[in-house]
Amino acid sequence: MADTTDSGLGLNRIGLYAALALLVAFYLSPLESAIMTAFKTQTGFFETSPFVPPTPSTFTFDAWGQAFERLEQGLVNSLLFTIPATVLSATLGSLVAYGLTNTKWRGQAFVLVLLIAGIFIPYQSVLVPLSRFWSIVDVASLFAWLEPVANREGLVALAVTHTAYGIPITTLLFRAHYQALDDSMLEAARLDGASIAKIYARIILPLSIPMFAVALIYQFTNIWNDLLFALVLVQNPANDVVTMSLTSLQGSMVSQYNLQMAGAFITALPTLLVYIFFGEQFAEGVAGGGA
Amino acid sequence: MAELTLDHITKTFDDGGDEIVAVDDVSIDISDGEFLVLVGPSGCGKSTTLRTIAGLESITDGEIRLGGDRINDKRPQDRNTAMVFQSYALYPHMTVRGNMAFGLEESTDLSDDEIDDRVTDAAEMMGIADLLDRKPGELSGGQQQRVALGRAIVRNPEAFLMDEPLANLDAKLRAQMRTELQRIQEDLGVTTIYVTHDQTEAMTMGDRIAILDDGELQQVGTPLECYHEPANLFVAGFIGEPSMNTFDARVDGAMLVTDDFEYDLSQRHRDAIGARDDVVFGIRPEDVEVGAETADGHTYEVTVDVVEPKGDENYVHMTFDDDHETPDTFTATIGGLRQVDAGDSVVVRFPPEAIHVFDADSGEAVLNRSLDTAEGVDLVL
């Protein structure tokens, strides 16, 4: 009796794992093909199937070296505006959420409605006003006294734009978290003599770390991957961001797939690193822990 | 240490145009070092009253004085009160030491060493000195409760405000903490207001209890006063477990007539009742004599409906109309070793010295049990 049940279970298991293995192969095959392609010479790419590993004669690091060389400036530029925009939008979102949940003032609901509406404004619809705005605000002369910034006016514009665009969604993320905090804990802090700013710094902020991980990862990925705003706001080629550099890898005559694949991996690497770096807190934040 | 005065305080909330009166003209004087229990059913305004004293809610009208100083315009942190919350409200990311030191760091200029000394002293007093470096999440409910109390003690406030601090503990621990809290309060001599919905806590812990219902103060008095001499029907029903038995009654000459029985009134009774026609007759379950032998105008034959054994005593629910499907019952408590079974027919007596009479319209007590014979009644039972 027990034996048949066991073997029945065993068969089920085998079926299950076979199905899972197939699914894994199905989902990972494009990724695997891309990696294999990135390590092949152009000839190797044309002569073998994309998912077949390169032979010693068609194996090369050239594509990686070349892609990195052509993306290097873009990577630096992207980091230059993505990091400040990510940190600022998360910090400001947290502060706004604190102001909207744990203090009482008139017009709170109206501000919240504006923020929620802000989440749903599509990028495309603001392109014209956005480019008009940044043609009026002359970053170059505003920062004339600080040459490194003045030379990167497109990046400053991107950092500010993405910060502003990110505040609604980060506010909403933090707001949900702060609403779940124990009210009497904050009242206890008030009775203990802590000011509103102190309560934020000593209680709210330390309890927000998992939420910060969520907001930082989300914002970093979003901002890093954006191409549309960059196309509109970056005029000086020296300020091209990595997504723009990546499109230029496409070539006009011959498609160098190995170069494009290597470039795509290099471009995606920072977002991957952010996930790995904040992964633990991210899981905690998504699970609603921390409070 | 200071006396606390609530002087005609009123608190109304605005609920979309409707005004909700949470606290209605409440005045209480709490003397220095007194332990006052604020008790009432949920929604009676007791927590709101406490929060107005803490400064977490503003008052609409009236005045709150602590040690003679008017405090109702002061910010919460300037009032020198410490509050203990039902949820403990500990800071989860700080150690026990951090939790206890927080208030001193934020509201005083004490040096780190002085703060550390005071935290250690308070922790020793609460028996949590070995937990100082743990975080609240690693502590049991009882230990968290001690930390919450320790956090209040370390502030050395002029008044403790406690909002159902024992409600989240299990029954055994609650009973233990009850006595411990009383001991600590006595040692420190700090004026304390303790909010609870649990009338056992009210009876056992307070020097005096204040009973609130629907935002209005019903009675302030010692636990025994409130028990034996309730000011009105609400207090009579709220204080005491099981509740006082009440019967609507009509005055007919020298008799009280209820739907179920007629009761002979003495001269003392009649004097108190005066010209009233409609009254409510009340008697505590432990004052009902079960199995009375002498028959007089106060004895009745009733049927036992349900018996609830408690071990030390039995709650016997009895009825006058046993042929009814769901009969109206009244309760008597008898010794745990006395055998009474459902369906038994017994004779009960309502001793004339133990009865209460209330005005049917206002609910005000017009006659309470006479206390000089209380001892004798106990002996008869």
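Select Thr303(B) and Ser345(B): Ser345(B), in β19(B), is the bridge partner of Thr303(B). This is a predicted model, in which local features need pLDDT of at least 70, side-chain atom pairs count only at pLDDT 80 or more, and totals for chains, interfaces and linings use all residues. Residues are numbered from 1 along each chain as its sequence is written, while chains are lettered from A and ligands numbered from 1 in the order in which they are written.

Widen the selection to β16 (299-309) and β19 (345-349) of chain B. They pair in the antiparallel sense over five bridges. Strands pair if DSSP finds at least two bridges between them. Strands (E, at least two residues) and helices (H or I, at least four) are DSSP runs, numbered from the N terminus.

Now show the whole sheet. It is open and antiparallel, with five strands of chain B in the order β15-β19-β16-β17-β18. β15 (289-290) and β18 (329-335) stand at the edges with a single partner strand each, so one side of each lacks a neighbour in the sheet.

Move to chain A and select helix α8, residues 153-179. Its 27 residues reach 39 Å from first C-alpha to last, close to the 39 Å expected at 1.5 Å a residue (1.5 Å times one less than the number of residues). Stop at Ile167(A). Here α8(A) bends by about 40 degrees, and Pro168(A) follows within four residues. The bend is the angle between axes fitted to the seven residues ending there and the seven starting there. Of the 27 residues in α8(A), 22 are buried (20 or more other C-beta atoms within 10 Å of their own, C-beta atoms being placed from the backbone; exposed is 12 or fewer, partly exposed in between).

Last, select Arg13(A) in helix α1 (residues 2-38). Arg13(A) counts as exposed because it has 10 C-beta neighbours inside 10 Å. Its C-alpha lies 43 Å from that of Thr170(A), 157 residues apart along the chain.
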